[in-house]
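Trainee: I would like to go through the labels put on this structure and check each against its definition. Could we take them one at a time?

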Amino acid sequence: MSKRIWQHPEIPAEETTVSWRSVGQLEGSNEFRQWLDREFPASAAAMKDEADAETSRRSFLKLMGASSALAGLSMVACRRAEKYTVPYTQAPEWVIPGKALYYASAMPRATGATPVVVTTFEGRPTKVAPNTLHPDSDGTDAFVQASVLDMYSPSRSQKVLHHGKVASRAELEKALAEAAASGKLGFVFGADESPTRTRLSKELAAKYAGAKFYSYEALAPAATAVRTVADFAKADRIIAFDCDFASLDLQGPVTPFFDRRKPEGKGYKGKRDVNAMNRLYAVESIFSLTGGMADHRLRVEPSKVFAVAAAVARKLNVSHPLVASAPAVSDEKTQAWVDAAAEDLLASKGKSLALAGSRTAPALKAVVQAINETLAAIGSTLHVLQSDNAGFGTLADLKADLDSAAVEYVFLLTPANPAFDAPADLDFVTSLHKAKASFHLGLRTDATAHAATWHIPAAHYLESWSDARSAKGLHTLIQPMILPLYDECVSELELLSALLEGKLTTGEESSAFAAVRKTFGGDNAAWKKALREGFVTSATSAKGTLAEVKADAVSYQQASVESLDVIFATDGSIFDGRWIDNAWLQESPDPISKLTWDNAALVAPKTAKALGIYDQVIALEDPRAASPVDGEAGNRRAPIIKVSLAGKEIEIPVLIAFGLAENTIVLPVGYGQGYDAEDELNRGPLNATHVGLVGVNRGVNVFPLRTAATSYLAQGAKVALTDKRYSVALTQEHHAMYGRALAREISTLKGDKGSFDKQYDGVAKQGNDSHAPENISLYKQEGSSTWDPDKNGNAKPNLSDELHQWAMNIDLSSCMGCNACLVACQAENNIPVVGKEQVAKGRAMHWIRMDRYFAQNPSTPIAQRWCHSLWLVCSAKALLAKPFAQSMQRFTPKTVSTRWPTTDALELAIARTTAPTRLVVSTISTTTSAIRWWLTTFTKDLLVSNKWARLRTFSATRTSRCVCAV
């Protein structure tokens, strides 16, 4: 059977944008051409030999342990409360086997708790979704969607450990009593806020005069008396300085930001109005998801971001000592960009907003705060709230107190891993060993668990009572779905209560419930209402006063190929390393580089050429070469470089990345936590017990290069190419568009490409839209009394039922390619992971794929697949469920997508009363009988015209991607 190739009209002469998705496509390498010529790689459909099959089976069993437990295949440890259990001869009426129950809860996070609704089956949580009733509901991201898998992880801590060996609960309680007798206690919390934890901390401080409190997370700023929250709903103009506020550096709920990106307004319900849209200026060195959404993006070296911010401040007539002392911008194009941005911000005074990355230098934050004061943003587009963590010390303060014996017993309750991710120059572990005893509470037996005297297995947030503050400070409740899977698990509040009450009470009689209930107060009716809704309407953080940021003048050296700027970047898959054992996140391709299962140093193409690396990453081959240099079917290997910085060295694979600043190297953090004897580079055995089966042998640890003074940016790095290479699994070139038009770019600028409305209406003349069949209704507008009558024999208002909904729209003007829907689909359907080797061979199982295409101006993420109601997970509200059978993608302000028909697809022309539309659907690994089942199941109410319906024979192993139709 031949593959159908769609011949689209030529790109209009006035369209000058050139787009690509990888270095291979840009250079036209043999490897890319071979991927392009076939839908599937050579070995994606079959195992090479029996040894390959056996290896794949072993890897599958190893990686799928948590997913199997989640599915109930190995839930022998899953337990429910037994003390008050009623025999199922009198089963509670709301528990029906196979029928889901939903409960409100929240996932605590440093940037504010994410309110969720948890799906449970017979008490077992299986899926989380946003709690749309919550005032701060902001969708979910990939981390939240994947969090349920951590509860079932086989690598999860199950036993109390003393010096790394299993100990009893009685021995732990004796050690807690000894600590309480001392009174010199130190508590290290995460950066999240919890009203109950705050209350218990005050009680502990009152009971133990020597108690001290600290806050630490590797990628969160130090605790302060107040915190700021951006109000994107009121911001017409936004400028971000190295701030990925839409993804990895949240500054407040971002859904309002994306609502303002739509010409028709929130929900697409208004009249098209370009002037109502917001405008984003981004100054950055890394190519971030926020930068990809920017209307105007300025790419500069990280050491120059401060100078650009100061230049903007000067243009706004900001009076601040740091502005006066900052170096001037020498580049004319950069200065012109600054002038235009400052003028636009000033024109929207009172409705403008400036943001700095949370980990950037204090000097930059001070200048940005001064800009906000000049723009009258504070109190308008930027709110100041009092923090529950006010007065908490830093990890450096704890080190000093341990060294001076001011703290003798330390409780490490942070979700971070300070023995692994603390600044290298802090030498935290040495000071930790000076304590008489240290207690680590965590889900994993990581480096800190082994460094501490005692390790206590932590209860997952889906197993414990607690509370938290949302992004805007709303008191949000966390309630357990199930008893902890393991008897010895303890929650943070239970441990704190034990030090107050002298008894560690967990499980059914958890002291955490009483603690949260006491914080709430109120009567039972109000309590039940709060539990049902998940939040306390009347309890919010008080307003605070923004203090002046104390910062010294900074002076950066000029970056060059011989002295590179280094950015220690938050990883898009495992964050700071805390989710290294989460297989769903490991297999999710990085949103920008599309790398899975590893980290790699990223450099810009021009910098790579200057370093002599470019032709090692992507060889410029002779078109007649027998085989591509990197090979395919799992043989792609990246060169390894040696990065030297401040007397320390690491070796790490290197990849070329677009959109990065020149003379800059990006090092994602969190990997390299442990290696065993099977490590590809023979780095093990080394700390293999610090990480689980999923995370072992993954990536390179870059934290040894990171110091307290260079937590985000370091200067003076040198790079040398080694003779080593390392296997990498990238997904960006695994699939092709087969000549289909990618996207059409339109402009809102007057006089640029004609009127916006004319461009908007003309996009249908390009791509597949130009030859798509006319939408013709095949049904009576009121429905069909013959094919789908109601109980009285009359026609229904909709085609099938009152909520005939099994489709998804993607607005690519809002979609930023964050992977939330990819992981949500994996969680919803428990899609198996296949591991690094199989991903490299093109065998990834994801039902949703995010491709990223680069161009001279925009960078566009493209999603391929359709699913049901996934719009709920998306903070960008790019996914819109529609009450009729369709799947579409849409560009609004800047670009408009094509409709991509898949090969071997079933095409139907369908119609609805007010919105006739065309459906293009494909299936995975389907057969002709499966297509017939699909027809009888989902289209039994549709009359299919022979003119529009084409049904082809599918082979049993054939895979087709989903089509997105506008």
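Trainee: Why is S727 called buried?

Mentor: The relative accessible area of S727 is 17%. Buried means under 20% relative accessible area, exposed over 50%, and partly exposed in between, with a 1.4 Å probe and protein chains only. S727 is therefore buried. The model is a predicted one, in which local features need pLDDT of at least 70 and side-chain atom pairs count only at pLDDT 80 or more, while totals for chains, interfaces and linings use all residues. Residues are numbered from 1 along each chain as its sequence is written, and side-chain values use heavy atoms, with hydrogens and water left out.

Trainee: Where does S727 lie, and what is it in contact with?

Mentor: S727 lies in strand β27, residues 713-727. Helices (H or I, at least four residues) and strands (E, at least two) are DSSP runs, numbered from the N terminus. Contact means heavy atoms within 4.5 Å. Leaving aside neighbours within four places in sequence, S727 has contacts with D598, R636, R637, E680 and K836.

Trainee: What makes Q369 count as buried?

Mentor: Its relative accessibility is 11%, so Q369 counts as buried. Q369 is placed in helix α13, residues 362-374. Not counting residues up to four places away in sequence, Q369 touches L546, A547, E548 and V549.

Trainee: N317 and N697 each have a positive phi. Which is buried and which is exposed?

Mentor: N317 has a relative accessibility of 66%, so it counts as exposed. N697 has 11%, so it counts as buried. Phi is about 60° for N317 and near 65° for N697, and neither residue is a glycine. N317 sits in the loop between α10 and α11 (321-325), N697 in the loop between β26 and β27. P685 is also found in the loop between β26 (664-668) and β27, and the peptide bond joining G684 and P685 is cis, with omega about 0°.

Trainee: How do you know that the span of α12 is close to what is expected?

Mentor: The expected span is 1.5 Å times one less than the number of residues. Helix α12, residues 332-347, has 16 residues, for which 22 Å is expected, and reaches 23 Å from its first C-alpha to its last.

Trainee: Why are the buried residues of α12 said to line one face?

Mentor: The buried residues are T334, W337, V338, A341, A342, D344 and L345. Seen down the axis of α12, they fall within an arc of 165°, so they line one face of the helix. The arc is that of the directions from the helix axis to the C-beta atoms. An α-helix has 3.6 residues a turn, so residues three or four places apart point the same way. The face turned away from the buried side of α12 carries the exposed residues E332, E343 and A347. Among the elements covering the buried residues of α12 are β10 (237-241), β11 (279-284) and α10 (305-315).

Trainee: What makes the pair at the start of α12 a polar contact?

Mentor: A polar contact is a pair of N or O atoms within 3.5 Å; within protein, one must be able to donate a hydrogen and the other to accept it, and residues adjacent in sequence count only if both atoms are side-chain atoms. A side-chain oxygen of D331 reaches to within 3.3 Å of the backbone nitrogen of K333. At the start of α19 (residues 511-520), a side-chain oxygen of S510 comes to within 3.1 Å of the backbone nitrogen of A512. α19 is followed by G521, which has a positive phi near 70°.

Trainee: Why is β7 called largely enclosed?

Mentor: In strand β7, residues 185-189, 5 of the 5 residues are buried, so the strand is largely enclosed by the rest of the structure. L185, F187 and F189 point one way, G186 and V188 the other.

Trainee: How do you know that β7 pairs with β8 and β15?

Mentor: Two strands pair if DSSP finds at least two bridges between them. β7 has 4 bridges to β15 (residues 409-412), in the parallel sense, and 4 bridges join β7 to β8 (residues 212-215), also parallel. F189 stands opposite S215 in β8. The chain crosses from β7 to β8 through helix α7 (residues 195-207), and this β-α-β crossover is right-handed. Right-handed means that, with the strands pointing away from the viewer, the path from the first strand over the helix to the second runs clockwise.
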